[in-house]
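Biologist: Before we discuss anything in detail, could we have the sequence and the coordinates in view, and then go through the features one at a time?

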Amino acid sequence: LLLALFFVVSTSCAQKSPRKEAKGSVKEVQIVIDYGAPSVKGRTIWGGLEKYGQVWRAGANENTTISFDKDVKINGNTLAAGKYGFFIIPNESGDWVAIFNKKNDAWGSYSYSEAEDALRVKVKPEFDTEVQEQLMYAVDNSGIVFAWDKARLHLPVE
């Protein structure tokens, strides 16, 4: 009975922010994004749950990772092929910061170190009137798409 209860609790807790994967290609580059997908659940996300001006793991639980099978350019900046921890710094006004960090196996942003950044780029957030309830990443024909709550980000990849 105890084992069955543990299984039910583990399964239900694990599903709160399920692990998801988004794959796609831009030109000849294969991109894979692995992330935990939290839901809004009526909470204030930007400036509430996710503080302005602070590094956020861009997902839930283990780090969000983004892998490229070839060297790429993001906003005109070169990034070598590889697997990166992905972080975002949301800002109350102006551009947000997207971070590709060499450490890709951490839990949250607790051990994040700016010294390990491979690339930081500014990205202009857009805000939709519709709420994207569960965090979502996608790869379209021009780059990486992020949507959660009313925030939308697009990172062009060449």
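**Reading the fold**

Modeller: Among the contacts in the protein with a separation of 6 or more, 55% are made by residues 24 or more positions apart. Please keep in mind that this is a predicted model.

Biologist: Which elements does the protein contain, and in what order do they run from the N terminus on?

Modeller: The protein has 1 helix and 10 strands, and from the N terminus on the order is α-β-β-β-β-β-β-β-β-β-β. As for burial, 42% of the 158 residues count as buried.

Biologist: How should I read the pairing of strands, taking strand 1 and strand 2 as the case?

Modeller: A general idea helps with any such pairing: in a regular strand the side chains alternate between the two faces of the sheet. Here, strand 1 (residues 19-26) and strand 2 (residues 29-36) run antiparallel and are joined by 8 bridges. V26 has V29 of strand 2 as its bridge partner, and the two strands form a hairpin with 2 residues between them. In the turn of that hairpin, K27 has a positive phi of about 55 degrees.

Biologist: In which sense do strand 2 and strand 3 pair, and over how many bridges?

Modeller: Strand 2 and strand 3 pair in the antiparallel sense, over 4 bridges, and D34 stands opposite T65 of strand 3. S67 also belongs to strand 3, which covers residues 64-68. Leaving out residues up to four places away in sequence, S67 touches Q30, I31, V32, G82 and K83. S67 and F100, which are 33 residues apart in sequence, have C-alpha atoms 10.0 Å apart in space.

Biologist: Turning to the interior, which residues of the largest nonpolar core touch the most other members?

Modeller: That core has 36 residues, and the members touching the most others are I31, F68, I74, F100 and Y137. Strand 10 (residues 143-156) gives the most to this core, with 6 residues. Apart from this core lies another one, of 5 residues, among them I89, V97, I99 and Y112.

Biologist: What is F68 in contact with, once its neighbours within four places in sequence are left aside?

Modeller: F68 is in contact with V29, Q30, I31, I74, L79, A81, G82, Y84, F100, I144 and V157. F68 also takes part in an aromatic cluster, together with Y35, W46, W56, Y84, F86, W96, F100, F127, Y137, F146 and W148. In the structure as a whole there are 14 aromatic pairs.

Biologist: How many salt bridges does a search of the whole structure find, and how should I read one of them?

Modeller: The general idea is that side chains of opposite charge can pair when their charged atoms come close. The search finds 8 salt bridges in the whole structure. In one of them, the side chains of E62 and R19 meet at 3.4 Å, N to O. Because E62 lies in the loop between strand 2 and strand 3 while R19 lies in strand 1, the pair ties together parts that are 43 residues apart in sequence. E62 counts as partly exposed, at 37% relative accessibility, and R19 is likewise partly exposed, with a relative accessible area of 34%.

Biologist: What distances, N to O, are found where R120 meets E114 and where D117 meets R120?

Modeller: R120 and E114 meet through their side chains in a salt bridge of 3.7 Å, N to O, whereas the salt bridge of D117 and R120 has an N to O distance of 2.7 Å. The surroundings can be read from the accessibilities: R120 counts as partly exposed at 33%, E114 is exposed with a relative accessible area of 52%, and D117 is buried with a relative accessible area of 15%. Elsewhere, salt bridges that share partners join R19, D34 and E62 into one network.

Biologist: Where is D149 found, and which side chain of opposite charge is nearest to D149?

Modeller: D149 is found in strand 10. D149 is buried yet has no salt bridge, and the nearest side chain of opposite charge, that of K150, is 6.3 Å away. With residues up to four places away in sequence not counted, D149 touches V40, I45, W46, E130, V131 and Q132.

Note on methods
Residues numbered from 1 in each chain as written. Predicted model: local features only at pLDDT ≥ 70, side-chain atom pairs only at ≥ 80, totals over all residues. Heavy atoms only, no water. Contact = heavy atoms within 4.5 Å. Core = buried A, V, L, I, M, F, W, Y, C linked by side-chain atoms within 4.5 Å. Buried < 20%, exposed > 50% of the residue type's maximum accessible area, 1.4 Å probe, protein only. Lys, Arg positive; Asp, Glu negative; His and termini not counted. Salt bridge = Lys/Arg side-chain N within 4 Å of Asp/Glu carboxyl O. Phe/Tyr/Trp six-rings, centres within 6.5 Å; stacked < 30°, edge-to-face > 60°. Pairing = 2+ DSSP bridges.
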